[in-house]
Amino acid sequence: MKTYTGFLSVLVILFGVSSLFLTMYVDFFADHMFLIVAISYIVALFLALVSEKGMWKKTAFVLLLIIALLVIGFYVVMALLWNQP
């Protein structure tokens with residue numbers, strides 16, 4: 001089972017990211033977007049930590065790092081460029 005958890009982690013990440021695009025078409029995803037994305041990120045991180053060393057583990061960690069940097073970067077840019085309180 002540990003051999004497939006890295007791949008499962010990547011699938012959970014892709015589900016979380018795809019739910020962002022589904023918010024335009026399905027009201028369920030629009031209503032529960034934050035909860036879906038947050039839970040999928042936490043589950044993917046747990047699965048990546050548990051998985052065996054290999055390509056899927058590295059891929060999962062790279063995707064999680066990119067997502068974390070995008071979120072942090074978004075808030076840093078908005079803090080610098082925000083004009084009104």
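**Helix packing, core and pocket**

In α1, the buried residues (under 20% relative accessible area with a 1.4 Å probe and protein chains only; over 50% is exposed, in between partly exposed) are T5, G6, S9, V10, V12, I13, G16 and S19. Keep in mind that this is a predicted model: local features need pLDDT of at least 70, side-chain atom pairs count only at pLDDT 80 or more, and totals for chains, interfaces and linings use all residues. Numbering runs from 1 along each chain as its sequence is written, and side-chain values use heavy atoms, with hydrogens and water left out.

**Helices**
- Helices here are DSSP runs (H or I, at least four residues), numbered from the N terminus.
- α1 has 18 residues and reaches 25 Å from first C-alpha to last, close to the 26 Å expected (1.5 Å times one less than the number of residues).
- α4 has 27 residues and spans 38 Å between its first and last C-alpha, close to an expected 39 Å.
- The cover over the buried residues of α1 includes α2 (27-31), α3 and α4.
- On α4, the buried residues are K57, A60 and L64, and they pack against α1 and α3.

**Two α1 residues up close**
- S19 sits in helix α1 and is buried, at a relative accessible area of 1%.
- Skipping residues up to four places away in sequence, S19 touches F29, I36 and V37 (contact means heavy atoms within 4.5 Å).
- V10, with neighbours within four places set aside, is in contact with W56, T59, A60 and L63.

**Nonpolar core**
- The largest nonpolar core (buried Ala, Val, Leu, Ile, Met, Phe, Trp, Tyr and Cys joined through side-chain atoms within 4.5 Å) has 8 residues: V10, V12, I13, A44, L47, A48, A60 and L64.
- α1, α3 and α4 each put at least two residues into this core.

**Largest pocket**
- The largest pocket has a volume of about 520 Å³.
- A pocket is an open set of points on a 1 Å grid over the protein atoms alone, where a 1.4 Å probe fits, with protein on both sides within 12 Å along at least five of seven lines; lining residues have an atom within 4 Å of a point.
- The volume is the space filled by probe spheres set on the points, which are joined across faces, edges and corners.
- Of the 18 lining residues, L20, V37, A38, I67 and V71 are the closest to the pocket's centre.
- α1 (5-22), α3 (33-50) and α4 (55-81) each supply at least two lining residues.
- By class, that lining has 16 nonpolar, 2 polar and no charged residues (Ala, Val, Leu, Ile, Met, Phe, Trp, Tyr, Cys and Pro count as nonpolar, Asp, Glu, Lys and Arg as charged, the others, Gly among them, as polar).
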